[in-house]
Amino acid sequence: MVQTDSDSDLARGDAAPDFELPGVDGDTHALADFADNSAVLVVFTCNHCPYAQAKFPLLNRIAAEYDDCAVVGINPNDDADYPEDSFEKMREYVESGEVAYDAYLRDQTAVVAEAYGAVCTPDPFLLRTEGDGQFTLAYHGRLDDALNPDDEATEFYIEDAIDAVLAGEDVAIDPGPSRGCSIKWP
């Protein structure tokens, strides 16, 4: 288990790195594709990590309930050593309904994860849409207060952060860094 560095290179208000990655839906997706949403939740995640698996239901619920916030899962893990994180397995997770994000993308070289400063799965970055295809970081931290995969969450920090962004407000919460399995760098 690792925790992200709360002093990552990407700070609140900074421009979010762009990306163009293949999705399990057969399309290539760029960050700008989600510009119709007021918020975009980019989560570096994977299939095999128990910390990431424990957050599937929360992320699926957010994708279903928030019309103006896109949930974009990005899997940067090395699938040679972790075959459960392969593109084909990602597709199976989506087809089974276990993962139901707005998009589930593959970062085969982990260049996007590196650009964001992601270090674990799950590692969420909530972006505010600024217009003209520009996005800024509004929040980077824990999804909820369940620190271990078997813990039951009672506070959902990410929903508070999304609500603030959708209301046009700054995100005032800072519950600490994300926690999960280390990214398996290719």
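**View 1. The whole protein follows the pattern β-β-β-β-α-β-α-β-α-β-β-β-α-β when read along the sequence.** The model shown here and in the other views is predicted. The protein contains four helices and ten strands. Its radius of gyration is 15 Å, close to the 16 Å that the globule rule gives for 186 residues, so the protein is as compact as a globular protein of that length. Along the principal axes, the C-alpha atoms fill a box of roughly 40 × 35 × 30 Å. Of the 186 residues, 52% are buried. Taking contacts between residues at least 6 apart in sequence, 75% join residues at least 24 apart.

**View 2. Five strands form an open sheet in the order β6-β5-β4-β8-β9.** The pairing in this sheet is mixed. Its edge strands are β6, residues 103-106, and β9, residues 134-140, each of which pairs on one side only. On average, neighbouring strands of the sheet are turned by 30° against each other, direction ignored.

**View 3. Strands β8 and β9 pair in the antiparallel sense.** Strand β8 covers residues 123-131 and is joined to β9 over six bridges. Leucine 126 stands opposite tyrosine 139 of β9, and threonine 129 has phenylalanine 135 of β9 as its bridge partner. The hairpin of β8 and β9 has two residues between the strands, and aspartate 132 takes a positive phi near 55° in this hairpin. Although β9 is an edge strand, six of its seven residues are buried, so β9 is largely enclosed by the rest of the structure.

**View 4. Helices α2 and α4 lie across strands of the sheet.** Helix α2, residues 87-96, lies across β5 (69-75) and β6. The helix runs at about 170° to β6. Helix α4, residues 157-166, lies across β4 (39-44), β5, β8 and β9. The angle of α4 to β8 is about 5°.

**View 5. Helix α1 bends by about 40° at phenylalanine 56.** A proline, proline 57, follows within four residues of the bend. Helix α1 spans residues 50-65 and has 16 residues. From its first C-alpha to its last, α1 reaches 24 Å, close to the 22 Å expected at 1.5 Å a residue.

**View 6. The buried residues of helix α1 pack against strands and other helices.** The buried positions of α1 are Tyr51, Ala52, Lys55, Phe56, Leu58, Leu59, Asn60, Ile62 and Ala63. Phenylalanine 56, where α1 bends, is thus listed among the buried residues. The strands against which these residues pack are β4, β5, β7 (120-121) and β10 (179-182). The helices are α2 and α4.

**View 7. Asparagine 37 lies in the loop between β3 and β4.** Strand β3 consists of residues 28-30. The relative accessible area of asparagine 37 is 16%, and this residue is buried because the cut-off is under 20%. Leaving aside residues up to four places away in sequence, asparagine 37 touches Asp67, Asp68, Cys69, Ala70 and Thr129. Threonine 129, one of these contacts, also appears in View 3 as the bridge partner of phenylalanine 135.

Terms used. Residues are numbered from 1 along each chain as its sequence is written. This is a predicted model: local features need pLDDT of at least 70, side-chain atom pairs count only at pLDDT 80 or more; totals for chains, interfaces and linings use all residues. Side-chain values use heavy atoms; hydrogens and water are left out. Two strands pair if DSSP finds at least two bridges between them. Axes are lines fitted to C-alpha atoms, for helices over the stretch in contact, and angles run from 0 to 180 degrees between N-to-C directions. Contact means heavy atoms within 4.5 Å. The expected span of a helix is 1.5 Å times one less than its number of residues. The bend at a residue is the angle between axes fitted to the seven residues ending there and the seven starting there. Buried means under 20% relative accessible area, exposed over 50%, partly exposed in between (1.4 Å probe, protein chains only). The radius of gyration is taken over C-alpha atoms; the globule rule is 2.2 Å times the number of residues to the power 0.38.
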